[in-house]
Structures are given as C-alpha cells and as structure tokens.
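Let's take a look at how some aromatic rings sit together in this one. Here is the sequence with its structure.

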Amino acid sequence: MKAFITLFVACLVATALAGRVELNDEQKLKAKQHIEECVKQENVPEEDVVKFRNKDITNPSRAFKCLSTCFFERAGTLKNGELQNEVVVAKLGGLIGVEKAKEALEKCKGIKTDDRCETGYKTVECFHAANAPY
C-alpha cells in the first residue's frame with residue numbers, strides 16, 4: 001500500500017520535474033484512498049482537494065498545505081518533517097533517473113520549519129521549482 005502512495009508522490013514530483021507521468025488504475029485507486037484519509041484527518045475542503053489533484057500549488061490555504069504534508073507522510077517520503085532520502089531516490093529515480101532525483105533531493109533536503117504543514121508544503125514547492133519545465 002505504501003509503495004503505491006510513494007509511487008504517486010514520485011509521480012507528482014516527476015510531473016513537476018520532467019513532464020506528465022500517468023499512474024495505472026490500481027495506483028490511482030490507492031492514491032485516492034490515501035487522499036480521502038488525509039482529507040478527513042486534516043479537515044480539508046473540496047476546493048483544496050481539487051487543487052491538490054490538479055497539482056496546483058499556487059496560493060495554498062493552510063488546509064492545502066496540511067493535505068500535501070499528510071499525503072507525503074503517508075507515502076513515506078516525509079517523516080517527522082524530514083525527507084526520507086532513500087525513499088525519494090528509489091521512487092523518483094525510477095521515473096526521472098537517479099541523478100535527476102538526487103539533484104532535486106539535494107536542493108530540497110533540509111527544509112524545516114516549526115510548523116508541520118508549512119514544512120511539508122515548502123518541500124512540495126521546492127520539488128516543483130527544482131527543474132520545473134515552466
């Protein structure tokens with residue numbers, strides 16, 4: 001189960017770094033289940049869920065930041081507010097290449113604030129900015 005979510009997280013990051021990546025139906029289902037769990041846990045309104053699913057990280061509400069953080073925690077990518085290097089490289093490396101994954105990780109590791117949701121969101125924001133094809 002964690003593998004599917006981690007893959008989804010990697011796909012979100014890979015989309016920001018390398019273009020569109022499609023999940024299979026089983027992966028989409030698992031990701032949807034975990035999003036729903038985080039929505040309940042973090043009390044996230046529907047508009048933020050839509051933004052999250054559309055990978056729209058602009059003008060995030062607090063609920064959006066907490067949803068992002070919860071999702072990445074469930075995926076195993078974030079633990080106690082810190083990126084899990086091996087997980088990121090293993091999952092993201094399979095999609096965009098190990099070197100690109102390591103480069104993105106190097107840019108984004110060490111992000112830490114006093115607020116769990118802010119840390120998670122700043123991490124997401126960093127991965128989008130690291131080699132994002134804008």
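Rings of Phe, Tyr and Trp (its six-membered ring) count as a pair if their centres lie within 6.5 Å; planes under 30 degrees apart are called stacked, over 60 edge-to-face, and the rest tilted. By that rule there are four aromatic pairs here. Take F52 and F64: their planes stand at 65 degrees, with ring centres 6.1 Å apart, so this is an edge-to-face pair. F52 belongs to helix α3 (residues 46–53) and F64 to helix α4, so the pair ties together parts 12 residues apart in sequence. (Helices are DSSP runs of H or I, at least four residues, numbered from the N terminus.)

F64 also meets Y121, edge-to-face again, with centres 6.3 Å apart and planes at 75 degrees. That contact links distant parts of the chain, since Y121 is in helix α7 (residues 116–129), 57 residues away.

How buried are they? Buried means under 20% relative accessible area, exposed over 50%, and partly exposed in between (1.4 Å probe, protein chains only).

| Residue | Relative accessible area | Status |
|---|---|---|
| F52 | 5% | buried |
| F64 | 1% | buried |
| Y121 | 4% | buried |

Together with F71 and F72, these three form one aromatic cluster. As for α4, 11 of its 14 residues are buried, so the helix is largely enclosed by the rest of the structure. Right after α4 comes G76, with a positive phi near 90 degrees.

A word on the basis: this is a predicted model, where local features need pLDDT of at least 70, side-chain atom pairs count only at pLDDT 80 or more, and totals for chains, interfaces and linings use all residues. Residues are numbered from 1 along each chain as its sequence is written, and side-chain values use heavy atoms, leaving out hydrogens and water.

Technical notes. Helix = DSSP H or I, 4+ residues; strand = E, 2+ residues; numbered from the N terminus.
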